[in-house]
Amino acid sequence: MSNTSQPGQPAQSQPPSFDDIPIAERESPITPPVKSRSTSPRLWFGALFAIALLAAGGWFAYQWWLSRGIASPTPMAASPQPTEVPPKDDRVLNHFTYPEAPQHELEAVSADGGIKMRAPAARAFKDMVAAAGAAGVVLNPLSGFRSIKEQEQVYFEVKAERAQTLEQRALVSAPPGHSEHHTGYAIDIGDGNVPAVNLSPDFDKTAAYKWLSENAMRFNFELSFPKGNKQGVTYEPWHWRFVGDKQSLDTFYRAKEFKQENPSSPNP
Ligand SMILES: [Zn+2]
């Protein structure tokens, strides 16, 4: 009886076992894609490793370059330093650079309107002329504002006319862009009673000069280039500048500073 039951048993066990095999066979073709999934992390790892190698190589190369780079600037930096000549200031042939006065800020100081100064300077000058007149002294304006362009003409034409060198010319007239005249604060003054000494050192023998040296400061005017001025510009007793407001003081500040810093400079 057990025999009858035996053939039934294998019959029962066979079908499921046979069914399992095909399933396993079916799964086996599925495994290759699974394998391919496992190879891509390997590729990633390999790529990362290669990148790490490159990075490490680059870092070492950079460190080597740095060590070379740090060492090399020292001899290189030493050579440009001595060739650098730091300019003491922006003077050209002893004259400072000044900004030009805007046209609309200019005001006439002469009867014909031909001579102008910056408004605050012009008013102070006219007050000064009136005060001098009351004392019997005639202050005659000779030259006020001159544009840089006009100054250029004066400078180079006179230099050619008189066959002067640039250095000789610079002693009596500022190079273009360096004249106090284009600031609108400077004025050349003559004695109306002694026009023969206009723009001459002998102007300092006139009543006008005497009056100016005693009273000009009351009107905030000062002599720009007194005898032995430390700027090294030739004595100009006729050339006065206004220093009565912040802007004019700022304009001439460096010239003043230079005088104070170099009290023992040799005279020209
Ligand atoms: Zn002048």
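## Strand β6 and the sheet around it

In this predicted model, the bridge partner of A186 in β6 is R241. R241 also has a partner in β5, where E222 stands opposite it. A second residue of β6, F242, stands opposite F221.

These contacts belong to an open sheet of four strands, in the order β3-β4-β6-β5 and with antiparallel pairing. β3 (139–143) and β5 (221–223) are the edge strands, each pairing on one side only. On average, neighbouring strands of the sheet are turned by 45° against each other, direction ignored. Strands of a sheet pair through backbone hydrogen bonds, in either the parallel or the antiparallel sense. The two pairings of β6 are set out below.

| Strand pair | Sense | Bridges | Residues opposite each other |
|---|---|---|---|
| β4 and β6 | antiparallel | three | A186 and R241 |
| β5 and β6 | antiparallel | three | E222 and R241; F221 and F242 |

The side chains of β6 (residues 239–242) are divided between two directions. H239 and R241 point one way from the strand, while W240 and F242 point the other way. Are these residues buried or exposed? All of them, H239, W240, R241 and F242, are buried.

Two helices pack against the sheet. Helix α4 (residues 119–134) lies across β3, β4 (186–191), β5 and β6, and runs at about 145° to β3. Helix α7 (residues 207–215) also packs on the sheet and touches β3, β4 and β6. The direction of α7 makes about 135° with that of β4.

Helices and strands come together again in the largest nonpolar core, which has 31 residues. Two or more residues of this core come from each of α4, β4, α7, β5 and β6. Which element gives the largest share? Helix α4 does, with seven residues.

Within the core, the residues with the most contacts are M117, F125 and M128. Leaving aside residues up to four places away in sequence, M128 touches L139, A216, F219 and F221. Of these, F221 is the residue already described as standing opposite F242 in β6.

How values were computed:
Residues numbered from 1 in each chain as written. Predicted model: local features only at pLDDT ≥ 70, side-chain atom pairs only at ≥ 80, totals over all residues. Pairing = 2+ DSSP bridges. Axes fitted to C-alpha atoms, helices over the stretch in contact; angles between N-to-C directions. Contact = placed C-beta atoms within 7 Å. Buried ≥ 20, exposed ≤ 12 C-beta atoms within 10 Å, placed from the backbone. Core = buried A, V, L, I, M, F, W, Y, C linked by C-beta atoms within 7 Å.
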